[in-house]
Amino acid sequence: MEVVIVPDAGAAGDLVAEAMARLLRRKPDALLGVATGSTPLPVYRALAAKAAAGEVDVSRARICQLDEYVGLPAGHPESYRSVVLREVVEPLGLDETCFMGPDGSAEDIPAACERYERELAEAGGVDLQLLGIGTDGHIGFNEPCSSLASRTRIKTLTRQTRADNARFFGGDIDQVPRHVITQGIGTIMEARHLVLLATGEGKAEAVAQTVEGPLSAMVPASALQMHPNATVVVDEAAASGLKLAEYFRSTYESKPHWQTI
Ligand code: PGA
C-alpha cells in the first residue's frame, strides 16, 4: 500500500487531482469513480481548475458513483446523484451522459444493484476509484462486518454514519435515510487504482486501523491491503495515529519506481 502524507487538505486535493489529470492525459475516456462527502471536494475543485486552465482535456471522461441513498425523491439535493452532478459533472463542463450510478429510487432494488454491476462491467471497469473513509472504517457504504467479497447491494447505515451525515440534512439524523445502495467491497476492489483520501483528526483512528491494523471486516477499508495498486493520501492530522508515519514519509520522498501518485 502506498501511503502519502501531505500537509493539509488542499495539498491532498491537488495531489489526487493531478493523478486524475495524468490518467486522463493517458486515457481520455477513463472511467473515474468518485466519492461523495466533504473530503473529496478539494479534488474536484482542483481538477476543474486544471480543466479550465487547459492543463487537461476532460471532455471524454466518464464518471461513476460509489453509492446512493435509497428512497430519496428524484432530484433531492442530497441524493448522491445530485451531489455528483453538482460537485463533479457540472464543474467539469460535462453532461449527464458521461455519468452512471445506482438507482436508489428503483421499485426493485436488487435488480437495480445487478444492473449497476452490469453497467460497470460493460463500461470496462473503473480506472481510478476515489474513496473517502467513514469514522467507522467504511468505504462506500460498506459498514463494519460487510463481506470483503460483497457486490453492489442494499445496506443499512449504522447510527454513527447517519449521525456523521446529519450535517447534510439540516443536522437532523431522522432525515438521513436508513438504507443505501453501495458498490460492494469486491466491486470496489476491481478498480484498477484505488485512492483513499482522508483528512482531519477525526479520521486518524480509522486510517491507522486501515493501514496498520489486521485485515478485518470490522474495518472494511482494510481490504485495501489486498489491492495491488492502492494509495492512501492523508493529511498530517489524519496521519497522526500511524506508527509508521516517518517510514511512509521517507519512502515517498525517495520516489520509488512504483510510486503511482
Ligand atoms: P466525509 O465522508 O468525506 O464527509 O468524511 C467519508 C465517508 O463517509 O466515506
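These are my notebook entries on the ligand site and the sheet of a predicted model.

Before starting, I noted that residues are numbered from 1 along each chain as its sequence is written. I also kept in mind that in this predicted model local features need pLDDT of at least 70 and side-chain atom pairs count only at pLDDT 80 or more, while totals for chains, interfaces and linings use all residues, and that side-chain values use heavy atoms, with hydrogens and water left out.

Entry one, the ligand. I looked up the residues around the ligand and found G37, S38, T39, G132, I133, G134, H138, R167 and K203, where a residue counts if one of its heavy atoms lies within 4 Å. I then checked polar contacts, meaning pairs of N or O atoms within 3.5 Å. A polar side-chain atom of K203 lies 2.6 Å from an oxygen atom of the ligand, a side-chain N or O atom of R167 is 2.8 Å from a ligand oxygen, and a polar backbone atom of S38 is 2.9 Å from one.

Entry two, the sheet. I found 7 strands in an open sheet with parallel pairing, ordered β1-β10-β9-β6-β2-β3-β5; strands are DSSP runs of E with at least two residues, numbered from the N terminus, and two of them pair if DSSP finds at least two bridges between them. At the edges I noted β1 (2-6) and β5 (99-100), each pairing on one side only. Strand β2 (residues 31-34) is joined to the parallel strand β3 (residues 62-65) by 4 bridges, and G33 stands opposite C64 in β3.

Technical notes. A polar contact is a pair of N or O atoms within 3.5 Å; within protein, one must be able to donate a hydrogen and the other to accept it, and residues adjacent in sequence count only if both atoms are side-chain atoms.
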